[in-house]
Structures are given as structure tokens and as C-alpha cells.
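Work through the exercises below with the structure in view. Try each task before reading its solution.

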Amino acid sequence: MKKLLSVLLMSLLFIPVASMAKNRLPADLNGVKLSPVQTEYLSSEGKIEVSFSVTVPANYFERRVTFVLMPSIELIDGELIKLPYQGVQGTSVVDTNYPVVDWSKEQVISYTTKVPVNAALLHSVLHIDVYLYNCLSKAERVERIYSGPLNLAALPIAPMIIPANVVVGDVLGEAKPEGRITFRVNSHAVTREGTNNPSFNKMNDMLKFLMQDPAFTITEVNIVGNASPEGTDRINKPLAANRARAAVAHMKQNLRTLGYNKTLTDDQYKINDSPDFWEEFFQFMSESNHPRKNEIIAQFLNYRTDPDESERSVRTLINNDQTIREIIFPDLRYSAIRVSFDRSSMNQDLLAEAARLYPSILTPNEFAKAAEAEPSLERKVEMYKAAIALYPTSWELYANLGNAYLKLNDYKAASDALDNAMKLSPDNPKIKAQMAYTHIIAGNHNQANQILSGISGPEADYYRGIILLEQGRHEQAIPLLRAMPDVNLAIAQLNAKQTREAYQTLQRLEQENVYTAFYTGVALRRLNRAEEAEQFFNKAAQLNRGELDGRTAVDYHAFIR
């Protein structure tokens with residue numbers, strides 16, 4: 001009897017424990033399987049569709065359990081977007097109202113929702129939480145089964161393929177107004193006809209322009225006498241020396257007439273040897289109307305590193321070309337007067353005026369400064385041509401001329417200018433980088449890489465980065481574009497989803513640039529700072545002069561389908 005009572009008591013104790021076990025929720029949800037999360041940009045609706053499914057094994061839950069999917073999207077700044085909940089309940093649930101499922105069988109629960117497009121979704125994280133509830137035991141809990149990027153892809157932003165400026169910053173060359181007194185054949189007498197010529201008059205105009213600056217001081221007057229080459233050295237050398245001495249005397253009187261009152265000693269008047277024959281020939285050819293002028297100049301640039309060969313070639317050309325003898329010989333009977341001076345630095349307005357009226361008083365650096373400030377590309381080309389006529393051995397000026405042609409999309413003229421620059425400075429990395437640009441813009445990446453191979457420097461690295469950016473290799477492009485950081489570095493960072501870094505890059509760039517303003521707006525919108533972004537988009541619209549055509553759909557509505 002005692003044994004039977006003991007068995008009955010144990011049975012009574014066991015029944016509640018078993019019932020409680022059935023009423024509990026599972027210890028974890030490791031057995032629940034989540035499919036890959038799918039996202040699709042629905043451009044016609046302006047929405048992102050998010051979908052996934054959850055598979056629950058048979059008998060994983062007992063029949064009184066409610067199962068609710070509670071997804072949410074966390075934006076880059078921590079803002080949380082709650083998505084619609086979706087739940088199901090077992091056959092014995094009494095106090096919720098979800099679709100009923102039979103937990104004794106495997107269940108696949110599919111979830112789909114649509115989210116309005118927002119650029120900040122590019123950096124969002126999808127969280128999937130599950131709410132579990134047992135209506136008998138009242139046990140409940142929330143468990144996260146997934147947390148990961150929403151995996152939206154945006155259409156890549158194309159690079160701004162802009163030729164990097166060379167700009168002369170290290171060109172040697174001193175500005176010296178120059179005038180010429182011309183002489184009759186075999187004469188060294190200064191005549192009214194010899195001084196009343198465009199060259200001498202322009203020198204005087206330049207000196208009067210410079211004398212407006214109280215700091216203007218003549219430091220030296222260099223006089224060169226010359227004779228045309230049809231005479232022998234026995235005749236020409238003393239004739240050139242006499243012409244130089246006559247020019248010194250005339251220049252002293254000329255400065256007094258102009259009103260220059262600062263003291264100049266006799267020692268400050270220097271009589272120099274005749275100029276380098278090649279330089280002299282180049283200048284005269286540049287200023288001439290010879291029908292083959294450009295061809296001849298290009299030919300003699302090849303001889304720049306060999307002055308003896310240059311002179312032999314020039315003399316052969318003179319002997320065989322009657323036009324050159326008729327055009328150039330009369331102008332070679334002269335005395336050249338070059339004035340060296342000190343003056344204050346010119347502001348941008350004076351530089352522009354001097355470049356237009358009196359280019360000879362500008363150094364190469366000042367010429368480049370004036371040209372680069374010129375908004376008209378056509379005028380920029382004219383200014384660099386004028387500078388080259390004065391400083392014909394400056395490869396930088398040729399490179400900048402090529403750069404201006406590149407911006408005008410005149411690739412033939414740009415190539416010619418860059419070829420001339422290369423003749424003056426072979427294997428120069430800056431020139432090669434510019435030449436590579438002409439191939440990049442045409443999509444010839446192999447040719448561009450061949451030109452860039454074997455050279456170093458920031459320009460070469462920059463264009464290597466541009467090629468990688470065009471090829472969609474954004475992360476590889478970033479360290480190369482840092483060599484010359486501009487908007488393309490920010491574009492590469494945006495394409496690589498490094499938006500915070502892109503924003504920092506843009507903050508360091510010229511803020512009144514249309515591209516800087518526009519892509520700052522793009523970065524801010526992706527950082528979920530929409531109000532600030534709109535301010536920059538408005539600024540970009542005000543600055544836009546057609547540069548942004550075709551680029552305004554790279555943000556909200558540029559997700560890949």
C-alpha cells in the first residue's frame with residue numbers, strides 16, 4: 001500500500017513539471033534559418049524593396065507560441081526606421097490575432113516590405129528581431145537573429161577627368177622691357193626713323209606704365225649692338241660695337257625725356273655681346289609672317305640642346321630661303337636696349353593689364369599667374385602663346401598651353417604643344433602625365449599606362465588613380481589620388497562607401513567650386529544630414545555653368561536595380 005501511494009505521489013509531482021516544460025520558450029533560435037536578405041531598387045516607385053524568409057523546423061515551437069518578425073533599419077547616424085511587423089501564431093494561441101500555423105510542421109515565413117528611397121540607406125544596417133510569446137505561461141522575449149548591411153549598391157560616380165595644371169612655379173626668366181634702334185646699312189648713326197619704330201615706342205610705353213609704381217627703379221640698362229649676317233665678322237664686329245655706344249647715348253637722353261629722375265651711373269649702362277644666334281632667330285621667326293613659320297620653329301626646337309647644330313641649320317636656311325633674307329635681314333641691323341628693374345609685385349588687375357598691353361615686363365611666373373586667372377580659355381591660349389614668344393625655352397609654358405588646349409578639347413593642338421614641351425624637357429613626368437590625359441579622355445587606358453610607366457611624381461600617380469577610378473577599382477585609386485587631392489579623391493571615396501572620409505576631403509578643397517559644393521551635398525545626404533545637404537545643392541546650382549549636366553542623379557535616384 002505504501003509503495004502504491006509513493007508511485008501516485010510521484011506521478012502527481014511529475015505532471016506539472018512536464019506541462020511547464022512544454023509551456024516554455026526554446027532556449028535559443030539557433031535552429032531557425034534565415035535566407036539571404038534581398039534588396040531591390042524600384043525606380044518607378046522611388047522605393048527600396050527588402051525581402052527575406054525565415055524557416056522554422058517542425059515542432060520547434062509548441063502550439064501556444066506567437067512568432068513576430070520585427071525588422072528595423074539603423075541609419076549611419078543611429079536613427080532607427082522601424083519596418084512593419086509580421087507575425088504568425090500556433091493553433092492554440094488565444095490572445096493574439098495573427099495568421100495561424102501548425103508548429104508541428106516546418107514553416108517558411110516570407111517577409112517583404114518597401115522603404116522610400118533615402119541616400120542614407122547606402123550606409124544602413126538591417127536588424128531583424130523576433131518577438132516570442134507563450135499565451136499559456138505568459139513567457140515572452142525578444143531575440144535578434146540578424147544584423148548586417150542592407151547591401152544597397154549605388155551607380156558609380158564618374159570621375160571628373162580634368163587635366164592637372166602644370167603652372168610655371170620654377171621657370172627662370174627675368175622680365176626686361178626691350179626696345180630696338182634700327183640703323184641703315186653700314187651706319188651707326190641714330191636717326192629719327194631708327195627710333196620712331198613700334199619696338200622702341202612700346203618700350204617707352206612700358207617704362208611709363210612701370211613708372212606709376214613709386215618703387216620702380218631701373219637697376220641696369222643692357223645694350224647690344226648687332227649687324228645683319230650678310231657682312232663679314234671683320235666689318236660686323238666694330239659696326240655692332242659702334243651701334244651699341246650710340247644707343248647708350250640715346251638712351252640716357254630718352255630716360256630724361258620720359259621723366260625718369262632717379263640716378264643712373266655710367267656703370268649701370270652695360271654693353272653686352274650679341275645674343276645667342278639661336279635665341280635671336282627664334283624670336284624673329286616668332287614675330288614674322290613667314291609662311292612656314294610654325295614648321296621651322298618646330299624643327300629648330302629639336303636642336304635646342306645643340307647650339308652649334310642650331311646655328312649651322314639657321315645659316316643654311318638663310319642661304320636657301322629668300323623670304324627669310326627679305327623679312328629678317330633688315331631687322332638684324334639694330335641695337336637692342338633691355339632695361340632691368342625692381343618694382344613692387346603687381347596685383348591681379350595690373351597683371352591682367354600688363355599681359356594685355358606690355359607682356360615684356362612680366363616674368364614667366366607672372367605671365368602664368370595672369371593666364372591662369374583668365375576665365376576665357378581662348379584668351380588663356382593667346383596669353384601663353386605671347387609668353388612663349390618671349391620665353392621660347394620654357395617647357396612649362398608649352399605644357400600650360402597644352403593644358404589650355406586640353407580644356408578646350410582641342411587634342412591635336414594640345415598634343416603639338418606637349419610635344420614641343422617634351423623636346424625642351426625629355427622624359428619630364430609632368431609633361432608625360434598631361435600626354436597620358438589625352439589617351440585617358442579617349443578611353444585608351446593601355447596607351448595612357450604605357451606613357452606613365454617608369455615615371456614617378458604626383459601628376460603620374462594622379463592619372464594612374466584616374467584610370468583605376470574609371471575601371472571601377474575605387475579603393476585602389478584612393479591612395480594614388482591623394483598625390484594631388486581634388487574632387488576625384490572624394491568621388492573615389494564616395495564610390496568606395498567611405499562617405500565620412502569623402503566629406504573630410506571635400507572640406508579641404510576650394511569651397512567656391514561647383515563640384516565641391518555638389519559632392520559635399522551628396523556626402524551630407526548619405527550621412528543623413530538632408531537639410532545641410534540641400535544648402536550645398538542650392539549653392540552648386542548657383543555656381544553651375546553647365547558643369548553638372550548629367551551629374552544630378554547620382555544621389556537619391558541612382559541605386560543599382
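**Exercise 1. Charges over rings**

Task: In this predicted model, find which ring the charged end of Arg-529 sits over.

Solution:
- Start at Arg-529. Its charged end sits over the ring of Tyr-503.
- Check the distance. The charged end is 5.1 Å from the ring centre, and the cut-off is within 6 Å.
- Now go to Lys-252. This residue lies over the face of Tyr-269, 5.3 Å from the ring centre.

**Exercise 2. A salt bridge across the sequence**

Task: State what kind of contact joins the side chains of Glu-366 and Arg-343, and which parts the pair ties together.

Solution:
- Recall the principle. Side chains of opposite charge can pair when their charged atoms come close.
- Apply the cut-off. The N to O distance for Glu-366 and Arg-343 is 2.6 Å, and a salt bridge needs the atoms within 4 Å. The two side chains meet in a salt bridge.
- Place the partners. Glu-366 lies in helix H10 (residues 364-372), while Arg-343 is in the loop between strand S13 (334-342) and helix H9 (348-357), so the pair ties together parts 23 residues apart in sequence.
- Add the surroundings. Glu-366 has a relative accessible area of 15%, so this residue is buried.

**Exercise 3. Two further salt bridges**

Task: Name the salt-bridge partner of Asp-461 and the partner of Asp-427. Is each Asp buried, partly exposed or exposed?

Solution:
- Asp-461 pairs with Arg-464; their closest N and O atoms are 3.0 Å apart.
- Both residues belong to helix H16 (residues 458-470). They are three residues apart there, so about one helical turn separates them.
- Asp-461 has 26% relative accessibility and counts as partly exposed.
- Asp-427 pairs with Lys-432, with 3.6 Å between the closest N and O atoms.
- Asp-427 reaches 55% relative accessibility. The cut-off for exposed is over 50%, so Asp-427 counts as exposed.
- For the total, the structure holds 16 salt bridges.

**Exercise 4. Aromatic pairs**

Task: Classify the ring pair Phe-216 and Phe-341 as stacked, tilted or edge-to-face.

Solution:
- Begin with the count: there are twelve aromatic pairs.
- Take Phe-216 and Phe-341. Their ring centres are 5.6 Å apart and their planes meet at 50°, so the pair is tilted.
- Locate the rings. Phe-216 is in the loop between helix H3 (198-210) and strand S11 (217-225), and Phe-341 is in strand S13, so the pair ties together parts 125 residues apart in sequence.
- Both Phe-216 and Phe-341 are buried.
- Compare Phe-518 and Tyr-519. This pair is edge-to-face, with 5.1 Å centre to centre and 80° between the planes. Phe-518 and Tyr-519 are both buried.
- Finish with a cluster. Ring pairs link Tyr-60, Phe-61, Phe-67 and Trp-103.

**Exercise 5. The whole protein**

Task: State what share of the 561 residues counts as buried, and where the pLDDT is below 50.

Solution:
- Count the elements: the protein has 21 helices and 13 strands.
- Of its 561 residues, 46% count as buried.
- The accessible surface is about 28,000 Å², and carbon and sulfur atoms hold 50% of it.
- Take contacts with a separation of 6 or more. Residues 24 or more positions apart account for 65% of them.
- Turn to confidence. The mean pLDDT is 83, and 83% of the residues reach 70 or more.
- Over residues 1-21 the pLDDT is below 50, and this stretch has zero contacts in the model beyond near neighbours in sequence.

Conventions
Residues are numbered from 1 along each chain as its sequence is written. Side-chain values use heavy atoms; hydrogens and water are left out. Helices (H or I, at least four residues) and strands (E, at least two) are DSSP runs, numbered from the N terminus. Buried means under 20% relative accessible area, exposed over 50%, partly exposed in between (1.4 Å probe, protein chains only). Rings of Phe, Tyr and Trp (its six-membered ring) pair if their centres lie within 6.5 Å; planes under 30 degrees apart count as stacked, over 60 as edge-to-face and the rest as tilted. A charge sits over a ring if NZ of Lys or CZ of Arg is within 6 Å of the ring centre and within 35 degrees of the ring normal. Contact means heavy atoms within 4.5 Å. Accessible areas come from the Shrake-Rupley method with a 1.4 Å probe; for residues, only the protein chains shown count as cover. pLDDT is the predictor's confidence in each residue, from 0 to 100.
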